[in-house]
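Reader: I have a new structure open and would like to learn how to read it. Could you walk me through it, feature by feature?
Author: Happily! Have a look at it first.

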Amino acid sequence: MQYRILKDLTDVILRVKKGKAYYFDKEGIYRSTSAQSVESLKNSWVIDKNGKRRLDAIVIVMENFDYENGSLLIKAICSLKEGDTIEKFKQILETVEYEERPKPTGIDRFVTKIEKPVFERVPENPKTNTFDYIVVDVNIVTDWEEDRRTYIQKHKKQICEMVLRKVQEDRTFKKFGVPVNFLKITSITLRKNSVLEFVLELKELKD
């Protein structure tokens with residue numbers, strides 16, 4: 001795909017990430033600066049549709065190009081590294097290609113997202129460095145080729161394993177120093193908003 005730069009990209013914000021604004025300086029070198037100190041750059045601030053003042057994120061920069069595919073343009077910009085030149089950027093624009101990712105199937109499509117675990121204490125528990133139970137929301141598709149409750153029952157084991165893995169990998173859970181096999185799933189509830197609510201508790205220790 002061919003891209004044609006329509007305007008001078010000097011001091012135009014191309015990307016904003018983690019508090020930094022990226023742009024080409026007057027020598028045509030890709031640089032970064034604090035997002036809080038970009039008032040001197042050409043498109044530093046815009047007013048969005050909600051009337052809020054924000055840093056430009058990619059939208060305005062597209063006005064500087066004759067382009068057909070915005071996704072490819074964004075990919076090209078994200079591939080830039082500090083120190084790259086505008087000439088290298090032009091080469092990237094001429095060679096960038098869209099990589100089509102395979103769509104998830106089966107249980108990976110049925111479960112759209114597993115939310116961050118929430119650690120709760122009962123009112124009687126004053127210890128802030130402990131938990132009594134964990135709540136994990138699992139978002140699922142709204143439309144499915146078969147009855148969703150039936151599908152959940154068929155694949156209950158797989159979904160439970162996904163939830164336990166999410167908890168095990170959670171940073172907050174790791175701080176408690178509790179092995180994930182000390183947990184048990186005590187309830188699974190399908191809410192009306194296409195969310196499966198999982199509640200996990202500690203297993204009772206046997207004498």
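Author: Let's begin with the surface. Accessible area here comes from the Shrake-Rupley method, with a 1.4 Å probe. Keep in mind, too, that this is a predicted model.

Reader: How much area does the protein expose, and what share do carbon and sulfur atoms supply?
Author: The protein exposes about 13900 Å². Carbon and sulfur atoms supply 47% of that area.

Reader: And which percentage of the residues is buried?
Author: For that you need one cut-off: a residue is buried when its relative accessible area is under 20%. By that rule, 38% of the 207 residues are buried.

Reader: How many helices and strands should I look for?
Author: Look for six helices and twelve strands. As for how the chain meets itself, take the contacts with a separation of 6 or more: 54% of them link residues 24 or more positions apart.

Reader: I'd like to try a sheet. What is the general idea for a strand's side chains?
Author: Side chains in a regular strand alternate between the two faces of the sheet. For our case, take the open sheet of three strands, ordered β2-β3-β4 with antiparallel pairing.

Reader: Which strands stand at the edges of that sheet, and why does one side of each lack a neighbour?
Author: The edge strands are β2 (15-17) and β4; each has a single partner strand, so one side of each has no neighbour in the sheet. From one strand to the next, the twist averages 25 degrees.

Reader: How do β3 and β4 pair?
Author: Strand β3 (residues 20-24) runs antiparallel to strand β4 (residues 30-34), with five bridges between the two. To follow the pairing by eye, find F24, whose bridge partner in β4 is Y30. Then find A21, which stands opposite T33 in β4.

Reader: What joins the two strands?
Author: β3 and β4 make a hairpin, with five residues between them. In the turn, G28 has a positive phi of about 80 degrees.

Reader: Now charges, please. When can side chains of opposite charge pair?
Author: They can pair when their charged atoms come close. In this model the cut-off is a Lys or Arg side-chain nitrogen within 4 Å of an Asp or Glu carboxyl oxygen. A search of the whole structure finds ten such salt bridges.

Reader: Which parts does the salt bridge between R109 and E145 tie together?
Author: The closest N and O atoms of R109 and E145 are 3.2 Å apart. R109 belongs to helix α3 (residues 107-110), while E145 sits in the loop between β10 (133-140) and α4 (148-154), so the pair ties together parts 36 residues apart in sequence. R109 is partly exposed, at 36% relative accessible area, and E145 is exposed, at 61%.

Reader: What about K154: which residue is its partner?
Author: K154 forms a salt bridge with E146, with 3.3 Å between the closest N and O atoms. K154 counts as exposed at 57% relative accessibility, whereas E146 is partly exposed at 30%.

Reader: Which residues do shared salt-bridge partners join into one network?
Author: Start with E197 and R191, whose closest N and O atoms are 3.0 Å apart. Both are partly exposed: E197 has a relative accessible area of 24%, and R191 has 27%. Salt bridges with shared partners join D137, R191 and E197 into one network.

How values were computed. Residues are numbered from 1 along each chain as its sequence is written. This is a predicted model: local features need pLDDT of at least 70, side-chain atom pairs count only at pLDDT 80 or more; totals for chains, interfaces and linings use all residues. Side-chain values use heavy atoms; hydrogens and water are left out. Helices (H or I, at least four residues) and strands (E, at least two) are DSSP runs, numbered from the N terminus. Buried means under 20% relative accessible area, exposed over 50%, partly exposed in between (1.4 Å probe, protein chains only). Contact means heavy atoms within 4.5 Å. Two strands pair if DSSP finds at least two bridges between them. Axes are lines fitted to C-alpha atoms, for helices over the stretch in contact, and angles run from 0 to 180 degrees between N-to-C directions.
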